[in-house]
Amino acid sequence: WLDVVVIGDAITGKSKMINNFMDTLKLEAYLSGENSRKTGIVGGIQKLGDNWSLSWGVIPLNDRRLVIIDEASGLSVEDIQELSQMRSEGILSITKIISETTTARTRLLWITNPRSGKQLNDFYWKGVDALKEFLPIQEDLARFDIVCIAALEDVEDIHQICNTPLMDEHQLNLWRQLVLFAWNLAPED
């Protein structure tokens, strides 16, 4: 499973592209980092009367699927650090009053702007420094398989992009089937 981050300037079309992707394939879960906390992402324990109950969050509930985290800079660095085991091993363990373990081999797509709100050109090393600002812990940065940079000057005016004709449902279904096929290939294939 891949762990991908797209970091870039505001108004470069990151969220618009993701929304179009989601509308097309319908194979993912979406969450906003600005409105999420670790308990909603991985799960947590709650007391119901005299009993304790565990509720899994978005990532383990979407094992072997895709979770898109838009506005990921809204998550604290500490919350992202606590996802380390899950991101590297695909296993999530919660050990509190009750303990549970589940698989969380979830494909993650993180979409973010720099935490400071600066443009990529304001950083000495551009996207690299912006990424380090987003997540300053080397071990957690190393868990990203792919990093994409979206600088404002590298993106044409998104308001002038021609709208291409939409695919019909048969064509969309072929794309969905292709994605599902790729997701189900064994690692050696």
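**Exercise 1. Which strand and which helix each supply at least two residues of the lining of the second largest pocket?**

Solution. Keep in mind that you're looking at a predicted model.

- Step 1: Start with the space itself, a pocket with a volume of about 440 Å³.
- Step 2: Find its centre. The lining has 16 residues, and the ones closest to the centre are Trp1, Leu2, Arg107, Ala182 and Trp183.
- Step 3: Match the lining to the elements. Strand S8 (107-112) and helix H8 (169-183) are the pair you want, with at least two lining residues each.
- Step 4: Look for the top contributor. That's S8, which gives 3 residues to the lining of the second largest pocket.
- Step 5: Sort the lining by class. You should get 12 nonpolar, 1 polar and 3 charged residues.

**Exercise 2. Describe the protein as a whole.**

Solution.

- Step 1: Take stock of the elements: the protein has 8 helices and 9 strands.
- Step 2: Put a box around the C-alpha atoms. Along the principal axes, the box comes out at roughly 60 × 45 × 40 Å.
- Step 3: Check the burial. There are 189 residues in the protein, and 39% of them are buried.
- Step 4: Turn to the surface. About 11300 Å² is exposed, with 54% of that area supplied by carbon and sulfur atoms.
- Step 5: See how the chain touches itself. Take the contacts between residues at least 6 apart in sequence: 74% of them join residues at least 24 apart.

**Exercise 3. Find the largest cavity and list the residues that line it.**

Solution.

- Step 1: Think about the tool first. Rolling a probe the size of a water molecule over the atoms shows where empty space is left.
- Step 2: Count the hits. The structure holds 1 cavity of 30 Å³ or more.
- Step 3: Note the volume of the largest cavity, about 40 Å³.
- Step 4: Walk around its wall. You'll meet Trp1, Leu2, Asp3, Ile59, Met86, Arg87, Ala104, Thr106 and Leu108.
- Step 5: Sort that wall by class, and you get 6 nonpolar, 1 polar and 2 charged residues.
- Step 6: Pick out Asp3 and Arg87 from the list. They come back in the next exercise.

**Exercise 4. Which residue forms a salt bridge with Arg87, and where do the two sit in the chain?**

Solution.

- Step 1: Recall the idea. Side chains of opposite charge can pair when their charged atoms come close.
- Step 2: Name the partner. Arg87 pairs with Asp3, and their closest N and O atoms are 2.6 Å apart.
- Step 3: Place both ends. Arg87 lies in helix H5 (residues 84-89) and Asp3 in strand S1 (residues 3-8), so the bridge links distant parts of the chain, 84 residues apart.
- Step 4: Check their surroundings: Arg87 and Asp3 are both buried.

**Exercise 5. How many salt bridges are there in total, and what do two others look like?**

Solution.

- Step 1: The count comes to 4 salt bridges.
- Step 2: Try Arg105. Its partner is Asp63, with the closest N and O atoms 2.4 Å apart.
- Step 3: Locate that pair. Arg105 is in the loop between strand S7 (99-103) and S8, while Asp63 is in the loop between helix H3 (58-61) and strand S5 (66-70), 42 residues apart.
- Step 4: Ask about exposure. Arg105 counts as partly exposed because its relative accessibility is 28%.
- Step 5: Now take Asp140 and Arg143, whose closest N and O atoms are 3.7 Å apart in their salt bridge.
- Step 6: Compare the two ends. Asp140 counts as buried because its relative accessibility is 2%, whereas Arg143, with a relative accessible area of 23%, is partly exposed.

Conventions. Residues are numbered from 1 along each chain as its sequence is written. This is a predicted model: local features need pLDDT of at least 70, side-chain atom pairs count only at pLDDT 80 or more; totals for chains, interfaces and linings use all residues. Side-chain values use heavy atoms; hydrogens and water are left out. On a 1 Å grid over the protein atoms alone, a cavity is a set of points where a 1.4 Å probe fits but cannot get out, and a pocket is an open set with protein on both sides within 12 Å along at least five of seven lines; lining residues have an atom within 4 Å of a point. Grid points are joined across faces, edges and corners, and a volume is the space filled by probe spheres set on the points. Ala, Val, Leu, Ile, Met, Phe, Trp, Tyr, Cys and Pro count as nonpolar, Asp, Glu, Lys and Arg as charged, and the others, Gly among them, as polar. Helices (H or I, at least four residues) and strands (E, at least two) are DSSP runs, numbered from the N terminus. Buried means under 20% relative accessible area, exposed over 50%, partly exposed in between (1.4 Å probe, protein chains only). Contact means heavy atoms within 4.5 Å. Accessible areas come from the Shrake-Rupley method with a 1.4 Å probe; for residues, only the protein chains shown count as cover. A salt bridge is a side-chain nitrogen of Lys or Arg within 4 Å of a carboxyl oxygen of Asp or Glu.
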